Amino acid sequence: MKNIKKFGLLFLLVVMITTLTACGGNEKNSSSNSSSLKTSELSIEDFKWETKASKCNGDDCYVLSLVNNSKFDVIGVNFSYKVKDDVSDSELSVYDEFMREHDGYIDEDDSPKDVTLIGSKDQLVEKGATLTDLRFTVGFQDNSWYDYPTDKQFELMEPRELELGIINNNKLYIAYYNFKEKSWKLDEKSASADTWSNKEIAKKISKPNEKHHVIITDDDDEFEIHSYGVTEDMYNEYIQALISAGFTKEDYNSHFEGTDSNGYEVEVWHYKEEQRLSISIEKQ
């Protein structure tokens with residue numbers, strides 16, 4: 001089955017931070033800037049989470065719910081499990097079929113001790129709000145597939161890492177909690193949040209009614225944002241605003257594409273469950 005994602009990239013946000021700050025690498029460390037978010041401001045006790053057996057599209061699965069009791073809004077949650085240290089080789093046989101099915105990505109001499117469970121959701125979780133239905137799939141190291149874990153597989157696992165995109169003072173930080181070390185780390189780079197570009201192309205569209213947004217691309221001929229906390233009604237209002245601004249609507253049911261008389265093309269995708277928009281504009 002096809003490999004679907006790489007753990008450690010929080011829904012493009014780490015990639016976006018790296019791109020916009022023109023850096024290479026993603027080393028994690030605590031920030032020393034007095035105006036920046038500090039690990040001392042984060043407590044795992046502020047994030048109440050529970051994983052339980054459930055049904056996902058009729059299949060047995062495990063889902064996580066997480067309550068954000070911190071003082072920060074969160075954009076994106078990534079949670080992973082690892083095999084417990086005291087699991088015996090004989091117990092690891094519950095992963096044999098999984099290892100064989102994905103031998104194109106997993107080498108013959110790789111150990112099932114590196115099997116992981118990974119769940120991600122690119123959604124706003126405001127202060128005091130609860131994220132639900134984060135689904136876990138079986139993976140290997142930092143790769144994951146579509147396979148849901150069985151009860152026997154899940155019983156061998158323990159929490160590995162919680163990864164969060166945290167908004168603080170118009171900045172986006174990627175925070176990591178290591179359950180074994182019982183400590184937080186911050187990505188060394190942050191990015192601006194809830195700001196707008198000064199480039200001419202960005203002035204062709206307006207900011208949607210939203211809670212937060214982050215800029216993904218900020219070039220002279222292309223501008224893209226991800227916007228969070230956008231209901232279906234807000235999405236429809238934004239589309240009408242684009243049409244009123246002169247963008248002629250193309251005939252698509254799943255999303256909006258429009259072009260104005262100056263050759264600027266806008267594309268908008270709305271993800272209803274996550275209440276998230278992807279908005280891009282390009283000069284054709």
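**View 1. Ser227, a buried serine in strand 14 of this predicted model.** Ser227 has a relative accessibility of 0%, so it counts as buried. In this predicted model, the residue belongs to strand 14, which covers residues 222-228. Look at its side chain and you'll find a polar contact with the side chain of Glu210, at 2.3 Å. If we skip neighbours within four places in sequence, Ser227 is in contact with Pro208, Glu210, His212 and His213, and also with Gln275, Arg276 and Leu277. So Glu210 turns up both in that contact list and as the side-chain polar partner, while 0% accessibility is why Ser227 is classed as buried.

**View 2. Gln275, a contact of Ser227 with a positive phi.** Stepping across from Ser227 to one of its contacts, Gln275, we land in the loop between strand 17 (264-271) and strand 18 (276-283). Gln275 isn't a glycine, yet its phi is positive, near 50°. For context, most residues other than glycine have a negative phi. Is Gln275 buried, exposed or partly exposed? With a relative accessibility of 35%, it counts as partly exposed. Arg276, which is also in contact with Ser227, falls at the start of strand 18 (276-283).

**View 3. Gln141, a positive phi between strands 7 and 8.** Here's another glutamine to check: Gln141 has a phi of about 55°, a positive value although the residue is not a glycine. Its home is the loop that runs between strand 7 (137-140) and strand 8 (143-144). The relative accessible area of Gln141 is 40%, so this residue is partly exposed.

**View 4. Lys171 in strand 10, with Leu37 across from it in sequence.** Strand 10 spans residues 171-178, and Lys171 sits in it. Which residue is 134 positions away from Lys171 in sequence but 8.8 Å away in space? That's Leu37, with the distance taken from C-alpha to C-alpha. Leaving out neighbours within four places in sequence, the contacts of Lys171 are Ile166, plus the run Ser190, Ala191, Ser192 and Ala193. Lys171 counts as partly exposed because its relative accessibility is 30%.

**View 5. The second largest pocket and helix 4.** This pocket has a volume of about 220 Å³. Its lining takes in 13 residues, and those nearest the centre are Tyr235, Asn236, Asn253, Ser254 and His255. Which helix gives the most to the lining? Helix 4 (residues 232-244) does, contributing five residues.

**View 6. The largest nonpolar core and another one apart from it.** The largest nonpolar core is made of 40 residues, and inside it Val77, Leu162 and Trp184 have the most contacts. Strand 4 (residues 73-83) is its top contributor, giving five residues. Another core, of 19 residues, lies apart from it and includes Phe223, Ile239, Leu242 and Val266.

**View 7. The whole chain, for orientation.** Zooming out, the chain has 18 strands and four helices. Of its 284 residues, 46% are buried. Among contacts with a separation of 6 or more, 59% are between residues 24 or more positions apart. The chain exposes about 14,300 Å², and carbon and sulfur atoms supply 42% of that area.

Notes
Residues numbered from 1 in each chain as written. Predicted model: local features only at pLDDT ≥ 70, side-chain atom pairs only at ≥ 80, totals over all residues. Heavy atoms only, no water. Helix = DSSP H or I, 4+ residues; strand = E, 2+ residues; numbered from the N terminus. Buried < 20%, exposed > 50% of the residue type's maximum accessible area, 1.4 Å probe, protein only. Contact = heavy atoms within 4.5 Å. Areas by Shrake-Rupley, 256 points an atom, 1.4 Å probe, with all protein chains shown as cover. Core = buried A, V, L, I, M, F, W, Y, C linked by side-chain atoms within 4.5 Å. Polar contact = N/O pair within 3.5 Å; in protein donor to acceptor, adjacent residues only side chain to side chain. 1 Å grid on protein atoms, 1.4 Å probe; cavity = no way out; pocket = protein on both sides within 12 Å on 5 of 7 lines; lining within 4 Å. Points joined across faces, edges and corners; volume = space filled by probe spheres on them.
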